[in-house]
Amino acid sequence: MTKKIAVLAGDGIGPEIVAEAVKILERLKQDGLKIELEYGLIGGAAYDETGTPLPEETLRISRQADGILLGAVGGYKWESLDISVRPEKGLLGIRSALNLFANLRPAILYPQLADASTLKKEVVAGLDLMIVRELTGGIYFGQPRGVRTLENGEKEGFNTLVYRESEVNRIGKVAFDIAQKRQGRLCSVDKANVLECTELWRETMTSLSNDYSDVELSHMYVDNAAMQLVRAPKQFDVMVTTNMFGDILSDCASMLTGSIGMLPSASLDENGKGMYEPIHGSAPDIAGQNIANPLATILSVAMMLRYTLDQAEMADRIEKAVSTVLDQNFRTADIYSEGMTKIGTAEMGDAVVAAL
Ligand code: IPM
Ligand code: MG
């Protein structure tokens, strides 16, 4: 059966990197992948055209699709807009509307890039870490929120960190299941020494661990986790954490792999439907210059094949092709080091297609 893929390129480098990922999909179609692409607007591009960063039409296409491929949203141009219509709202809106609560962010170091990391080779060599980030709750979505004016005329900004037991349980289950299939070690990251909400998070994870005798659960405060990620990242197998802590820690983890331009992600709902996107942003400073690294988006396609399209073999092929291209010493600017061949966004996409 033909599967439907919604393609939402978004802003900044989004259209460039998504174009390269689409090249991969088109190539796999020749090998029998049965998919149909439908394009939609999101973010600033959608705001400019329709007045909202998440048009109804985009939601409709995305709801009907089996999987969604997303580029990135945001840019200087829209920074002064009211927060309710900023590009980022489009991304948060679609995550929430489609209930994509489980965000998987693998950080894997390709051995060829050990020199591209700012950390010492021996610290990062062999790194294979999975961050499971809760994506539709926590302080990103908690009510009340806003900016109010106090009696003395001073302004006060406020947001709410809130998690229900059921929300912690469902993201916990995803993380435990993943840990079961890996090395069986799960580290839950919280700030239980200060925040009641994450004290409940910790208790809930601990209760859940009774159902997973084959997984070793540990807990870590987020400040320590940030430190441990750069001190000794290989101690981790799977990490599970809240929306905001996961946002921060996954950026940190990305640098262990050499560049934020290398990290893909999958955001899944309860039925395995997913949205796939690089973890990096829209990088408006380098947009339109053909220098962005498309590999995170291309690797997101591999995740889509694995988690939504049931094509593990094709996913493996993409990952191997990326490895081949790195063996051929092709590098975009962000992962370039001396002696390598520097190439652009489109050339990198072509090189991966050739390696496929
Ligand atoms: C990410 C991004 C988003 C987030 C932004 C663009 C809203 O940083 O996917 O990590 O904070 O979730
Ligand atoms: Mg982020």
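For the classes used below, Ala, Val, Leu, Ile, Met, Phe, Trp, Tyr, Cys and Pro count as nonpolar, Asp, Glu, Lys and Arg as charged, and the others, Gly among them, as polar. Keep in mind that this is a predicted model.

**Exercise 1. List the residues around ligand 1 and sort them by class.**

Solution. Start with the shell itself: Glu 88, Leu 91, Arg 95, Arg 105, Arg 133, Tyr 140 and Asp 247 surround ligand 1. Next, apply the classes: five of these residues are charged, two are nonpolar and none is polar. Leu 91 and Tyr 140 fall under nonpolar by the rule above.

**Exercise 2. Find side chains that place an N or O atom within 3.5 Å of an oxygen atom of ligand 1.**

Solution. Take Tyr 140, where the separation from a ligand oxygen is 2.6 Å. Then turn to the arginines: the side chain of Arg 95 gives 2.7 Å, and that of Arg 133 gives 2.8 Å. To finish, look at how far the ligand is covered: of the 320 Å² of accessible area that ligand 1 has on its own, the protein covers 80%.

**Exercise 3. Place ligand 1 in the fold: which pocket holds it, which helix gives the most to its shell, and why does it lie between two domains?**

Solution. First, the pocket: ligand 1 occupies the second largest one. Second, the helix: α4 (residues 87-97) makes the biggest contribution, three residues. Third, the domains: ligand 1 lies between domain 1 (1-107 + 259-356) and domain 2 (118-257) because both supply residues to its shell.

**Exercise 4. Inspect the backbone at Pro 144 and Asp 310, and say where each residue lies.**

Solution. Begin with the usual case: most peptide bonds are trans, and most residues other than glycine have a negative phi. Now check the bond from Gln 143 to Pro 144, which is cis, with omega near 0°. Pro 144 belongs to the loop that links β5 (128-134) and β6 (146-149). Asp 310, although not a glycine, has a positive phi of about 60°. Its loop runs between α10 (295-307) and α11 (312-327).

Technical notes:
Residues numbered from 1 in each chain as written. Chains lettered and ligands numbered in written order. Predicted model: local features only at pLDDT ≥ 70, side-chain atom pairs only at ≥ 80, totals over all residues. Heavy atoms only, no water. Near = heavy atom within 4 Å. Polar contact = N/O pair within 3.5 Å; in protein donor to acceptor, adjacent residues only side chain to side chain. Areas by Shrake-Rupley, 256 points an atom, 1.4 Å probe, with all protein chains shown as cover. 1 Å grid on protein atoms, 1.4 Å probe; cavity = no way out; pocket = protein on both sides within 12 Å on 5 of 7 lines; lining within 4 Å. Sits in = over half its atoms within 2 Å of the grid points. Helix = DSSP H or I, 4+ residues; strand = E, 2+ residues; numbered from the N terminus. Domains from an automatic or database assignment.
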